[in-house]
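Reader: I'd like to learn how to read a model like this one, feature by feature. Could you walk me through it?

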2 protein chains.
Amino acid sequence: MPFANEIIKRNNVTILGSGEKTLLLAHGFGCDQNMWRFMLPALTAQYKVVLFDYVGSGHSEIAHYDQVRYSSLEGYAQDVLDICEALDLQDVIFVGHSVSSTIGLIASIQKPNAFSQLIMICPSPCFLNVKPDYMGGFEKSDLEELIDLMDKNYIGWANYLAPLVMGANNSEKLVGELSGSFCSTDPLIAKTFAKATFFSDYRHLLKEAKHPVLIFQSSQDALASTEVGDYMLKQLPEAELQLIKAEGHCLHMTHPDIINQALRAYID
Amino acid sequence: MPFANEIIKRNNVTILGSGEKTLLLAHGFGCDQNMWRFMLPALTAQYKVVLFDYVGSGHSEIAHYDQVRYSSLEGYAQDVLDICEALDLQDVIFVGHSVSSTIGLIASIQKPNAFSQLIMICPSPCFLNVKPDYMGGFEKSDLEELIDLMDKNYIGWANYLAPLVMGANNSEKLVGELSGSFCSTDPLIAKTFAKATFFSDYRHLLKEAKHPVLIFQSSQDALASTEVGDYMLKQLPEAELQLIKAEGHCLHMTHPDIINQALRAYID
């Protein structure tokens, strides 16, 4: 069975660069592998770099989309594990943006040998406020309204969310790119991913982490506040947190050089 | 055993683009995967594209170099087959430059299921003149002299061969790049590859080809004359030949648009 090639095409796997260590870069909600491009020149000079699109995102093969599988983050984690298996990846350094940090955490607990370190860019294990003591940042009703807006006015939703995620004061080009990426995703697929992302609570997994974690925390992030980063640091068995003075939730796009430098220092 | 990842690193495998069909691009003697870059923008928009460096070339892992294995083209063909196995490639469209056309032919006869078509850019099954009726273009003594020059004056050899291969009237930049690529290869490894390339005779394999072949023939090629292309066309069971009005032995670098267009028309 041509398993590797099937997964390579299904998840539009890209492999670049050369080096002893392998990095697996996992994009966030409403994004695709293209969002990593600012970090690639530096990374590919030093590491083997694997990129992919989750099924339903980017140039993945939409025929493989499964509404049930991709209704929970475990389904996306299975994409990551499929890629690791297809390429026989071991001791890979997983770099996840936003919700992919949690997806990588799930995958790394399921199959520890495939991973060596987790690097999380603007992560949050739970976007909801859970009383009395966890402030994910959002009331459930707010998020339900946002999801409803996807049905009522998809483009309006994309144009509202993109500047919130990217940081409104960052370049208009990047905000426009993110908005365009949201819009180019099939609305039902985006809504399913959005629900899996924003209504889930994976805080209980933090203590189960089997690998060292580096968190990149944005100082001004509408989706993952510094309180969330501090919470994760406390819960994770072995973690470091680097607070980056920045606006927005996409440090790999707005501050690629700072992230690259810190990432390389951490790995090496 | 992490076979896929090991081969990916050993042969510095790169995977780009997306599409139903997969192309495997194989560089020629003294080159590396970087030489395909002019063709990539068009190809990756339509196909999954796999690139690699033979062990000993480019950014392959030199620790895997084996003097015996790489003394014959069968050793290089095994690199191709290893990559096909590691990635579970089936029905791949093999695109080989120069000696890699023969390497692909060897691999495709050994494991037919992995391949669907062979595309050969400036191929030659035998560079030697074999009396009475085959004119590969070179007397054995001429080639021995050229190989001797590698020992005596490696940089002089590179600077002599590069304009001959690229076509002296093509851009100085490309000639310089090829010369630089020759020079940056370990001399012993280059010499071993050169002997395997220039002293071998694989004409007997042409009749054994199990796949349709498209030959791109340069009208003015110091290494593979139009007589050689005509000979191949006659011997191959199922073949087409496209004669490109050009100078030089590197049509994928000097005439990438023409090659891309004809290649896509042939495949689709």
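Author: Gladly! Let's begin with how copies are compared: they are superposed by least squares on the C-alpha atoms of residues with pLDDT of at least 70 in both. Keep in mind that this is a predicted model.

Reader: By what turn and shift can chain B be laid on chain A?

Author: A turn of 180° with a shift of 0.0 Å along the axis lays chain B on chain A, and the RMSD is 0.0 Å. That is the relation of a two-fold axis. The same surface serves both copies, since 100% of the contact residues of chain B recur in chain A.

Reader: Which residue of chain B comes closest to the rotation axis?

Author: That is B:Ile15, whose C-alpha lies 2.4 Å from the axis.

Reader: Next, helix packing. How are two packed helices described?

Author: Two numbers do the job: the angle between the axes and the distance between them. In chain B, take helix H3 (residues 73-86) and helix H4 (residues 99-110): their axes come within 8 Å and cross at roughly 65°. Angles of 65 to 115 degrees count as roughly perpendicular, so H3(B) is roughly perpendicular to H4(B). Their crossing is right-handed.

Reader: Which residues make the contact between H3(B) and H4(B)?

Author: From H3(B), the contact residues include B:Leu73, B:Tyr76, B:Ala77 and B:Leu81, and from H4(B) they include B:Val99, B:Ile103, B:Ile106 and B:Ala107.

Reader: What about burial? How many residues of helix H1 of chain A are buried?

Author: The idea is to look at relative accessible area, where under 20% means buried. Helix H1 (residues 3-10) of chain A is mostly covered, with 7 of its 8 residues buried. Among them are A:Phe3, A:Ile7, A:Ile8 and A:Arg10. The buried residues of H1(A) pack against helix H3 (73-86) of chain A, strands E1 (14-16), E2 (22-26) and E3 (48-51), and also H3 of chain B. Just after H1(A), A:Asn12 takes a positive phi of about 45°.

Reader: And in chain B, is B:Arg10 buried or exposed?

Author: B:Arg10, which is found in helix H1 of chain B, has a relative accessible area of 8%, so B:Arg10 is buried. Leaving out residues up to four places away in sequence, B:Arg10 touches B:Val55, B:Ser60, B:Glu61, B:His64, B:Arg69, B:Asp79 and B:Asp82.

Reader: Can we look at a strand residue too? Where is A:Gln117 found?

Author: A:Gln117 is found in strand E5 (residues 115-121) of chain A, and A:Gln117 is buried at 14% relative accessible area. A:Gln117 and A:Pro212 are 95 residues apart along the chain, yet 5.3 Å separates their C-alpha atoms. Beyond its neighbours within four places in sequence, A:Gln117 is in contact with residues including A:Phe94, A:His211, A:Pro212 and A:Tyr266.

Reader: Finally, cysteines. How many disulfides does the structure hold?

Author: In general, a disulfide is a covalent bond between the sulfur atoms of two cysteines. This structure holds 0 over all chains. For A:Cys183, the nearest cysteine sulfur, that of A:Cys31, is 13 Å away. A:Cys183 is partly exposed, at 30% relative accessibility.

Reader: Why does B:Cys250 form no bond with B:Cys31?

Author: Their sulfurs are 5.8 Å apart, which is too far for a bond, because a disulfide needs the sulfur atoms within 2.5 Å. B:Cys250 is buried, with a relative accessible area of 0%.

Notes. Residues numbered from 1 in each chain as written. Chains lettered and ligands numbered in written order. Predicted model: local features only at pLDDT ≥ 70, side-chain atom pairs only at ≥ 80, totals over all residues. Heavy atoms only, no water. Helix = DSSP H or I, 4+ residues; strand = E, 2+ residues; numbered from the N terminus. Buried < 20%, exposed > 50% of the residue type's maximum accessible area, 1.4 Å probe, protein only. Contact = heavy atoms within 4.5 Å. Axes fitted to C-alpha atoms, helices over the stretch in contact; angles between N-to-C directions. Parallel < 35°, antiparallel > 145°, perpendicular 65-115°, else oblique. Left-handed = near helix turned anticlockwise from the far one by under 90°.
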